[in-house]
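Work through the exercises below with the model open beside you. Try each task before you read its solution.

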Amino acid sequence: MKKLLIVFNTLIISVLCFGQQYPAPMKADMTEIWDPEVRIIQPGELPGMPPSDAIILFDGTDINNEWTDASGNPPGWIIENGAMVCVKGKGEIRTKRNFNDFQLHIEWRTPAEPVGTNQDRGNSGVFLQGQYEVQVLDNYNNRTYRNGQAGSIYKQHVPLVNACRKPGEWQTYDIIYTAPRFAGDSTVYFTPPRVTVIHNGVLIQNNVSLRGPTLYEGIPEYSVRKHGAGPLMLQDHNHPVAYRNIWIREL
Ligand code: MG
């Protein structure tokens with residue numbers, strides 16, 4: 001009797017399941033996501049030109065629109081042929097706006113007549129959130145320490161290759177930056193900032209992780225300070241380095 005009951009139950013289950021497959025087969029449209037539609041923008045007409053959603057930080061005309069000196073006063077740098085040029089002793093310049101995550105395009109040029117060697121030749125720098133320096137330096141036939149040359153994250157990450165053009169020629173950096181998240185802000189755990197740098201179209205920093213704000217002396221670490229959104233800062237390192245066509249997209 002017991003055996004008969006088991007056979008009967010098995011038969012019932014088989015009938016119920018017959019013709020069905022588990023899990024049910026998926027259809028293509030079940031994995032299509034339509035809404036909301038991806039935001040439409042207009043890309044730049046040529047590579048390096050700003051897309052429609054970019055903030056223009058310098059278009060070759062007025063430096064005062066978006067930049068100040070370290071004290072919040074008009075910058076002491078000069079405009080020459082559509083470029084803004086560092087003037088020795090006038091100090092860094094910084095954006096009036098503060099940024100978190102972004103995509104940045106910036107073009108730079110070191111003096112056509114090279115003067116000096118090592119770090120003392122066409123030196124400037126792009127400081128992300130005012131904290132982390134992507135080195136600008138004339139490293140065309142000019143050796144320096146590898147973690148301090150053009151495209152290095154100064155004293156933290158060596159560029160993958162030296163993609164420098166000759167002094168006097170315009171060069172590009174395209175920088176993708178993810179700001180740090182400090183525990184207690186929006187996340188439980190601290191996550192360090194990450195940086196990708198493309199130099200003259202060549203990947204030289206591949207999503208590297210930073211260990212702290214840039215220091216000339218000492219080991220960078222996050223116990224030093226916590227920070228929020230910050231400006232872009234361009235360094236005065238006593239050399240007439242020029243910049244042009246600067247735009248940024250907040251991410
Ligand atoms: Mg520098």
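Two strands count as paired if DSSP finds at least two bridges between them. Keep in mind that this is a predicted model.

**Exercise 1. Give the strand order of the open five-strand sheet, and find its edges.**

Solution.
- Step 1. The order is E2-E5-E12-E7-E8, and the pairing is antiparallel.
- Step 2. E2 (67-69) and E8 each have a single partner strand, so these two stand at the edges, with one side lacking a neighbour in the sheet.
- Step 3. Check the joins. E5 (residues 93-95) pairs with E12 over two bridges, and Arg94 has Met233 as its bridge partner there.
- Step 4. Two bridges also join E7 to E12. Here Val126 is matched with Leu234.
- Step 5. E7 and E8 are joined by five bridges, with Ser124 opposite Val136 as bridge partner. The two strands form a hairpin with three residues between them. Gln129, in that turn, has a positive phi of about 55°.

**Exercise 2. Sort the residues of E7 by the way they point, and decide whether they are buried or exposed.**

Solution.
- Step 1. In a regular strand, side chains alternate between the two faces of the sheet.
- Step 2. Ser124, Val126 and Leu128 point one way, while Gly125 and Phe127 point the other way.
- Step 3. Five of the five residues of E7 are buried.
- Step 4. Follow Leu128 further. Beyond four places in sequence, its contacts are Phe102, Val134, Ile175, Tyr177, Val195, Pro231 and Leu232.
- Step 5. Leu128 is also among the residues with the most contacts inside the largest nonpolar core, which has 40 residues. E6 gives the largest share of this core, four residues.

**Exercise 3. Identify the donors of the magnesium ion, and place them along the chain.**

Solution.
- Step 1. The donors are Asn123 (OD1), Ser124 (O), Glu133 (OE), Gln135 (OE1) and Gln235 (OE1), at 2.2 to 2.3 Å.
- Step 2. Along the chain they follow the spacing N-S-x8-E-x1-Q-x99-Q.
- Step 3. Ser124 sits in strand E7 and Gln235 in the loop between E12 (233-234) and E13, 111 residues apart.
- Step 4. Check burial, for which the cut-off is under 20% relative accessible area. Ser124 has 0%, so it is buried. Gln235 has 16%, so it counts as buried too.

**Exercise 4. Classify the ring pairs Trp77–Tyr243 and Tyr132–Tyr177.**

Solution.
- Step 1. Use the plane angle: under 30 degrees is stacked, over 60 is edge-to-face, and the rest are tilted. The structure holds seven aromatic pairs.
- Step 2. Trp77 and Tyr243 have ring centres 6.2 Å apart and planes at 25°, so the pair is stacked. Trp77 lies in the loop between E2 and E3 (78-80) and Tyr243 in E13, 166 residues apart. Both residues are buried.
- Step 3. Tyr132 and Tyr177 have 6.2 Å between centres and 35° between planes, and the pair is tilted. Tyr132 is in E8 and Tyr177 in E9, so the pair ties together parts 45 residues apart in sequence.
- Step 4. Ring pairs link Phe99, Phe102, Tyr132 and Tyr177 into a cluster.

**Exercise 5. How many disulfides does the whole structure contain?**

Solution.
- Step 1. The search finds zero.
- Step 2. Look at two cysteines. Cys86 is buried at 4% relative accessibility, and Cys164 is buried at 13%.

Terms used
Residues numbered from 1 in each chain as written. Predicted model: local features only at pLDDT ≥ 70, side-chain atom pairs only at ≥ 80, totals over all residues. Heavy atoms only, no water. Core = buried A, V, L, I, M, F, W, Y, C linked by side-chain atoms within 4.5 Å. Buried < 20%, exposed > 50% of the residue type's maximum accessible area, 1.4 Å probe, protein only. Contact = heavy atoms within 4.5 Å. Donors = N, O, S within 2.8 Å, 3.2 Å for Na, K, Ca; no water. Disulfide = S-S within 2.5 Å. Phe/Tyr/Trp six-rings, centres within 6.5 Å; stacked < 30°, edge-to-face > 60°.
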